[in-house]
Amino acid sequence: MDVYGLIGNPVGHSLSPPMHKAGYEALGLDARYVTFEPPKEGAVAAIEGADALGVAGLNVTIPFKQDALDAVDPDPLAERIGAVNTVDFTGEGRPAGYNTDAVGAVRALRSHDVDLSGTAVVVGAGGAGRAVAFGLADEGMPVRIANRTESKARDLAAEVPDATGHGLDDLGELLADADVLVNATSVGMEEDATPVPAEALHGDLAVLDAVYRPLETRLLRDASEAGATTVDGAWMLLYQGVEAFERWTGEVAPVDAMNDALRAEL
Ligand code: NAP
């Protein structure tokens, strides 16, 4: 049996176990997905320990995504983002590290037929904002990054190709001719709030909210009322998991089964 898992602290409310389990069942794979909660300074020890135990793959979540870089051979995208959320132990030598949050956002948008040839606005410059900004830039999109702390947006924009950094006050102007908007802040989680003024939204936008609790955030409600295409945060969560599943197993992931299992938990 292949063992996969997740390290995080805390991991109690993770939606990854049911999502991956549904994937194994749908494909008839003899595999199991378990969660581990090492101490907060323990990323490297946990990854090395999992390797020694013969674990086949690990997802990595808060607070370990940056420290995990020291225990893996990161692919170029994970290295640029500065964070790893997927470790693959199945190759030779040092485990491979990936950042599937970036690909998760791109695949979430593509699964809704969103055209990624225009301009993107990413709100947020934390971990999710970094991943999404690099992911969309790799698709060739000019990326406008807006963050409450403007200096963080400018610092990130300096690293991302064809990007600019802004404060939240610029959102109205930035969104006027934008095609894709991603909220990568935690605003909207457990509160009916949005980082984007409703009047800045319009019908030519596709709006992805990384927040998935609740599924229908105020931003997505406002976007829907403006006639925009909306993509909820569970799609990004789904596709980061799908990407990890495919890297680990070498199989095409059973996306519908994994999606159903994920949404049953939300
Ligand atoms: P993080 O590194 O702590 O970054 C938080 C971001 O939110 C920063 O840009 C911060 O701005 C901004 N922010 C926080 N409170 C704010 C407020 N009141 N007004 C305006 N901006 C505010 O967190 P993260 O890991 O990037 O996660 C961000 C969100 O993305 C979370 O809700 C997380 O659950 C979600 N996420 C979803 C997925 C998915 O697969 N769907 C994957 C990863 C993350 P400052 O820099 O100014 O503090």
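Q: If contact means heavy atoms within 4.5 Å, which residues does F89 touch, leaving out those up to four places away in sequence?
A: This is a predicted model, and in it F89 touches I47, A50, D51, V55, A56, G57, L58 and P95, once residues up to four places away in sequence are not counted.

Q: And where does F89 sit in the chain?
A: F89 is placed in the loop between β5, residues 86-88, and β6, residues 96-98.

Q: Is F89 buried or exposed?
A: F89 has a relative accessibility of 10%, so F89 counts as buried, given that buried means under 20% relative accessible area.

Q: How far apart are F89 and E48, in sequence and in space?
A: In sequence F89 and E48 are 41 residues apart, while in space the distance from C-alpha to C-alpha is 10.0 Å.

Q: OK, let's stay around β5. Where is N85?
A: N85 belongs to the loop between α3, which covers residues 76-81, and β5. With 3% relative accessibility, N85 counts as buried.

Q: What does the side chain of N85 pair with?
A: A polar atom of the N85 side chain lies 2.7 Å from the backbone nitrogen of T100. Setting aside neighbours within four places in sequence, N85 is in contact with L58, N59, V60, K65, Y98, N99, T100, D101 and Q240, and L58 is also among the residues that F89 touches.

Q: Switching to helices: which residues of α1 and α9 meet?
A: From α1, the residues S16, M19, H20, G23, Y24 and L27 meet L237, L238, Q240, G241, F245 and W248 of α9. By type, the residues of this contact between α1 and α9 divide into seven nonpolar, five polar and no charged. Q240 of α9, which takes part here, is also one of the contacts of N85.

Q: At what angle do the axes of α1 and α9 cross?
A: Those axes come within 11 Å and cross at roughly 50°, and α1 and α9 are therefore oblique to each other. The crossing of α1 and α9 is right-handed.

Q: Why give an angle and a distance for packed helices?
A: Because two packed helices are described by the angle between their axes together with the distance between the axes.

Q: Then how do α9 and α10 cross?
A: Helix α9, residues 233-249, and helix α10, residues 255-264, have axes that come within 10 Å and cross at roughly 135°. That makes α9 and α10 oblique to each other, because 135° does not reach the range over 145 that counts as roughly antiparallel. The crossing of α9 and α10 is right-handed.

Q: Which residues of α9 and α10 meet there?
A: On the α9 side they are A234, W235, L237, L238, Y239, G241, V242 and F245, and on the α10 side they are V255, M258, N259, L262 and R263. The residues of this contact divide into 10 nonpolar, two polar and one charged. L237, L238, G241 and F245 of α9 also appear in the contact with α1.

Q: What comes in the loop before α9, around D232?
A: D232 lies in the loop between β12, residues 229-231, and α9, and its relative accessibility of 15% means that D232 counts as buried. A polar atom of the D232 side chain lies 2.9 Å from the backbone nitrogen of A234. Apart from neighbours within four places in sequence, D232 is in contact with L208, D209, L215, L220 and R263, and R263 is one of the α10 residues that meet α9.

Q: New topic, the backbone. Which peptide bonds are cis?
A: One of them runs from N9 to P10, with omega near 10°, and another joins R213 and P214, with omega about 5°. P10 is in the loop between β1, residues 2-7, and α1, residues 16-27, whereas P214 is in the loop between β11, residues 206-209, and α8, residues 218-225.

Q: Why mention cis bonds, or a positive phi, at all?
A: Because most peptide bonds are trans, and most residues other than glycine have a negative phi.

Q: What is phi for D113, and where is that residue?
A: Phi of D113 is near 60°, a positive value in a residue other than glycine, and D113 is found in the loop between α4, residues 100-110, and β7, residues 120-123. D113 is exposed, with a relative accessible area of 73%.

Q: And what about D162, buried or exposed?
A: At 51% relative accessibility, D162 counts as exposed, since exposed means over 50%. D162 has a positive phi of about 50° although it is not a glycine, and D162 lies in the loop between α6, residues 150-159, and β9, residues 163-166.

Note on methods:
Residues are numbered from 1 along each chain as its sequence is written. This is a predicted model: local features need pLDDT of at least 70, side-chain atom pairs count only at pLDDT 80 or more; totals for chains, interfaces and linings use all residues. Side-chain values use heavy atoms; hydrogens and water are left out. Axes are lines fitted to C-alpha atoms, for helices over the stretch in contact, and angles run from 0 to 180 degrees between N-to-C directions. Helices (H or I, at least four residues) and strands (E, at least two) are DSSP runs, numbered from the N terminus. Angles under 35 degrees count as roughly parallel, over 145 as roughly antiparallel, 65 to 115 as roughly perpendicular and the rest as oblique. A crossing is left-handed if the near helix is turned anticlockwise from the far one by less than a right angle, and right-handed if clockwise. Contact means heavy atoms within 4.5 Å. Ala, Val, Leu, Ile, Met, Phe, Trp, Tyr, Cys and Pro count as nonpolar, Asp, Glu, Lys and Arg as charged, and the others, Gly among them, as polar. Buried means under 20% relative accessible area, exposed over 50%, partly exposed in between (1.4 Å probe, protein chains only). A polar contact is a pair of N or O atoms within 3.5 Å; within protein, one must be able to donate a hydrogen and the other to accept it, and residues adjacent in sequence count only if both atoms are side-chain atoms.
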